[in-house]
Amino acid sequence: MTSPFTKLAAAAVGAALLASPALAAPAAEAAAAVPNPGNNAWMMTATILVLLMILPGLALFYGGLTRSKNMLSTMTQIGATAALAMLIWVMWGYSLAFGDTTYEGTLGLFVSGGSYFLAGTDASSTAATFTDEVISKYVFISFQMTFAAITAALILGATAERMKFNATMMFVPIWLTIVYFPIAHMVWAGGGLLFEDGALDFAGGTVVHINAGISGLVLAYLLGKRRGWPQEPMMPHSLTMTMVGTGLLWVGWFGFNAGSALEADGSAGLAMINTFVATAAGALTWMVIERMAGHKGSALGFCSGVIAGLVAVTPAAGNSGPFGAILLGILSSAVCYVFVAKVKMKFGYDDSLDAFGIHGVGGIVGAIGTAIVYQPFLGGPGDGSTGVFEQLGIQTFGVVVTIAWAAIGTLIAAYIVKLTIGLRVDEDTEVDGLDIAEHGERAYN
């Protein structure tokens, strides 16, 4: 008969063995990773900040830049586009960009699969970050959903005041499916073409800004110029609205950039300070250039410089030191000014609200410039293992692929719409304004 002391001794030995590292390791490995509540809370906040960028930020920014007769049309197209993109994202967009099924071979370079209608995802599902941490999968899906929504909405800056509402609603799902989702997969998903190539895009220089800017330029050419442009002045009807929208975009952009760290950590802090200083540099640079060109430093110039700085620092937000970010803001603002003030008139494309001139051009400057500011000699976080010229080649390849994919995909999507329901409103609607003709309302009584 076993004595109580023997039982106690056996229990003690068993407990010691279970506590030993050799036997505890498998148990620890088997335990499911649990999201850090702080990271989850930050990513929820970042997601809401990106939504703030769309409504009301972008809606006010673009709406104020139009003529008053098109204010509501512009805002409604932005809101409806974002809402439609959100629904498409959870139905099939997330699956194509980040789905659980990784295809082997060529197909896997461009899209993933599985996870349609978020199949297999529940409240306990997690998504990986850039460290050993995880966040709730629904939070990651929501965060990336807002990126798809704002990218589609940014395009509308190039088509404002002349594209039909129903054409926009038909164009958006086609464009998202054949342009945005594949590019997001190529750049941000494991196995994606540009991801595997080593392209650096912290928060969407290629995926969001070059993509939207090039797509907007293609649509602007297909739609043709607004009636009377450029002979008739088409001044913004409310720079107050545009200034408010600019402020909301800048605030929301911290979710866009710092949120792309996927954790509340030092990388997010780096992205945050870069989003401050690059934007400040871009805003002041644009106003200085206006003075050098013999004009007064304008509120519109300030707003344009803010966006130029934000766009350029987006791919470099966590891939640059603060002084590298300042240089990107200055360079982007200067180059975007030339495209908005000179190149657009020279080539005669009516990029109504400068979606290409700022987002497309600024995105290109930022994506290529990231190769330089990433280097440690400029205070970047790179370890020097990839030389500046090698990284320049990688970044340039990513830019070229994005431009080509966006241009060809937009042409396909636009021609499908044009040959079925048409892209552009009729002349009477354009003269009267899209607010009344398309929506039966006026922004102002």
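# Questions about a predicted model

User: Hello! Where is the place of Thr 242?

Analyst: Happy to start there, and please keep in mind that this is a predicted model. Thr 242 belongs to a helix that covers residues 239-258. That element is helix 10.

User: Is Thr 242 buried or exposed?

Analyst: The relative accessible area of Thr 242 is 0%. A residue counts as buried when that value is under 20%. Thr 242 is therefore buried.

User: Which backbone nitrogen lies 3.4 Å from a polar atom of the side chain of Thr 242?

Analyst: Let's look at the surroundings of Thr 242. Leaving aside neighbours within four places in sequence, its contacts include Leu 60, Phe 61, Gly 64 and Cys 303. Another residue in contact with Thr 242 is Leu 65. The backbone nitrogen at 3.4 Å from the side-chain polar atom is that of Leu 65.

User: Cys 303 came up there. Why is Cys 303 in no disulfide?

Analyst: A disulfide needs two cysteine sulfur atoms within 2.5 Å. The closest cysteine sulfur to that of Cys 336 is in Cys 303, and the gap is too far for a bond. A search of the whole structure finds 0 disulfides. For Cys 303, the nearest cysteine sulfur, in Cys 336, is at a distance of 14 Å.

User: Are Cys 303 and Cys 336 buried or exposed?

Analyst: Cys 303 has a relative accessible area of 1%, so it is buried. For Cys 336 the relative accessibility is 0%. Cys 336 therefore counts as buried.

User: Which helix gives the most to the largest nonpolar core?

Analyst: In soluble globular proteins, nonpolar side chains tend to be buried together. Here the largest nonpolar core has 108 residues, and among those with the most contacts inside it are Phe 171, Trp 175, Leu 176 and Tyr 180. The helix that gives the most to this core spans residues 165-188 and supplies 13 residues. It is helix 7.

User: Which residues form one aromatic cluster with Trp 89?

Analyst: Trp 89 is among the residues with the most contacts inside the largest nonpolar core. Leaving aside neighbours within four places in sequence, Trp 89 is in contact with residues including Tyr 94, Phe 98, Tyr 180 and Phe 181. The aromatic cluster joins Trp 89 with Tyr 94, Phe 98, Phe 140, Trp 175, Tyr 180 and Phe 181.

User: What is the geometry of the pair formed by Trp 286 and Tyr 337?

Analyst: The structure holds 18 aromatic pairs. The ring centres of Trp 286 and Tyr 337 are 5.5 Å apart, with planes at 75°, and planes over 60 degrees apart count as edge-to-face. The pair is therefore edge-to-face.

User: How many residues apart in sequence are the parts that Trp 286 and Tyr 337 tie together?

Analyst: Trp 286 lies in helix 11 (residues 266-292), while Tyr 337 lies in helix 13 (residues 322-347). Trp 286 is buried at 4% relative accessibility, and Tyr 337 is buried at 11%. Because the two rings sit in these two helices, the pair ties together parts whose separation in sequence is 51 residues.

User: Which residues join Arg 67 in one network of salt bridges?

Analyst: Side chains of opposite charge can pair when their charged atoms come close. The structure holds 7 salt bridges, and one of them joins Glu 161 to Arg 67 at 3.2 Å, N to O. Both Glu 161 and Arg 67 are buried. Through shared partners, Arg 67 is joined in one network with Glu 161, Arg 226 and Asp 350.

User: In the salt bridge of Asp 100 with Lys 137, which residue is partly exposed?

Analyst: The closest N and O atoms of Asp 100 and Lys 137 are 3.1 Å apart. Lys 137 has 7% relative accessibility, so it counts as buried. At a relative accessible area of 49%, the partly exposed residue is Asp 100.

User: One last stop: how far apart in space are Ile 155 and Ile 78?

Analyst: Ile 155 sits in the loop between helix 5 and helix 6, and at 2% relative accessibility it counts as buried. Its contacts, leaving aside neighbours within four places in sequence, include Phe 171, Trp 175 and Leu 219. Ile 155 and Ile 78 are 77 residues apart in sequence, and their C-alpha to C-alpha distance is 9.4 Å.

Key. Residues are numbered from 1 along each chain as its sequence is written. This is a predicted model: local features need pLDDT of at least 70, side-chain atom pairs count only at pLDDT 80 or more; totals for chains, interfaces and linings use all residues. Side-chain values use heavy atoms; hydrogens and water are left out. Buried means under 20% relative accessible area, exposed over 50%, partly exposed in between (1.4 Å probe, protein chains only). A nonpolar core is a set of buried Ala, Val, Leu, Ile, Met, Phe, Trp, Tyr and Cys residues joined through side-chain atoms within 4.5 Å. Helices (H or I, at least four residues) and strands (E, at least two) are DSSP runs, numbered from the N terminus. Contact means heavy atoms within 4.5 Å. Rings of Phe, Tyr and Trp (its six-membered ring) pair if their centres lie within 6.5 Å; planes under 30 degrees apart count as stacked, over 60 as edge-to-face and the rest as tilted. A salt bridge is a side-chain nitrogen of Lys or Arg within 4 Å of a carboxyl oxygen of Asp or Glu. A polar contact is a pair of N or O atoms within 3.5 Å; within protein, one must be able to donate a hydrogen and the other to accept it, and residues adjacent in sequence count only if both atoms are side-chain atoms.
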